[in-house]
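User: I've got a structure here and I'd like to understand the labels people put on it. Can you walk me through the reasoning?

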Amino acid sequence: MKLAQARIDIYRADGYLRIPAVFTPEEMKVLRADCYAVLSPDRGHADGNVPELNGVATRVGFGVDLDSRAVAAAARLPRILGPVKQLLGERVYLFQTRVNAKMRRVGEGYPWHTDFANWVNDGIRRGSMEDMITVGVLLTESTPENGAMRILPGSHRHGVGEWFFDTKSVGYQSYNAPEAYVERMISETPPVFVEGGPGDMVLFAPELMHGSEKNRSDEDRLYLMFVYNRSDNLPVESEIRREHMTPYVNYPYRGDLTELADDAIATAVA
Ligand SMILES: O=C(O)CCC(=O)C(=O)O
């Protein structure tokens, strides 16, 4: 798949782009089942999972593709890699795969931040929208009540923004935006919820401000996230400034990605 110029223009102006109905219901069934399995302590790479601060559920499962052939295939589908290569260039690798789980009633939120404030501290030097991109696949409904991601459209134009080293909010080391900066940014651009249903996709830039509230509903909310980076923008080991609870935050394989066939999820599980 290739993005039409009008969609590229929206992405560049707003720092994000929603694309509805990218996956079929059958594909979603497979991906969702695999992602739930990854969130359980029985997964192959159980050291990829990070718990909620309250300890009652898994918050994020990293390295999802290591335990799911369907997810590994999804990350290489032309529907995703086509647009990613249009925006970043031909040589890209997977920087990170993760499931952001927000379990019913217990899944906590995320303070406002830009992802690149975190990744620059993981040794990545360049985080513009031409260098990196996150592709989020909605595995469930995403609503304000169940903790849909909120973003500030256009905020990527401020670059990585202000940040502080936060060891408290979420239970692991992260870099979040100071309150006064968030207030200033919100007064400039009102937040927008990333609402949608299973199979929808959202692309967003590393310098886009975003965050979310806890899940107050009786339904789980799950996103499957793929982060792509240009192959000439690898992390610089000597510039890593935070420690992780799991080895799979900076994805361990760095080979250039090539597209599979469009039915690769079905063939991965056949
Ligand atoms: O999953 C969410 O609600 C927010 C995700 C987020 O902020 C992130 O993964 O950087």
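**Around the ligand**

Analyst: Sure. Strand 4 gives the largest share of the shell around the ligand, 3 residues. Keep in mind that this is a predicted model.

User: What makes the contact between Arg98 and the ligand a polar contact?

Analyst: A polar contact needs a pair of N or O atoms within 3.5 Å. A polar side-chain atom of Arg98 lies 2.7 Å from an oxygen atom of the ligand, so the pair makes the cut. Asn100 does it too, with a polar side-chain atom 2.9 Å from a ligand oxygen. For Lys102, an N or O atom of the side chain is 3.1 Å from an oxygen atom of the ligand. As for cover, the ligand taken alone exposes 290 Å², and the protein buries 96% of that.

User: Why is Ala21 called exposed?

Analyst: Exposed means over 50% relative accessible area. Ala21 has 63%, so it gets that label. You'll find Ala21 in the loop between strand 1 (16–19) and helix 2 (25–39).

User: And why is Arg105 counted as partly exposed?

Analyst: Partly exposed runs between the 20% and 50% cut-offs. Arg105 has 46% relative accessibility, so it lands in that range. Arg105 sits in the loop between strand 4 and strand 5.

User: What makes the phi of Ala21 worth pointing out?

Analyst: Most residues other than glycine have a negative phi. Phi of Ala21 is near 50°, a positive value in a residue other than glycine. Arg105 also has a positive phi, near 70°.

Conventions:
Residues numbered from 1 in each chain as written. Predicted model: local features only at pLDDT ≥ 70, side-chain atom pairs only at ≥ 80, totals over all residues. Heavy atoms only, no water. Polar contact = N/O pair within 3.5 Å; in protein donor to acceptor, adjacent residues only side chain to side chain. Areas by Shrake-Rupley, 256 points an atom, 1.4 Å probe, with all protein chains shown as cover. Helix = DSSP H or I, 4+ residues; strand = E, 2+ residues; numbered from the N terminus. Buried < 20%, exposed > 50% of the residue type's maximum accessible area, 1.4 Å probe, protein only.
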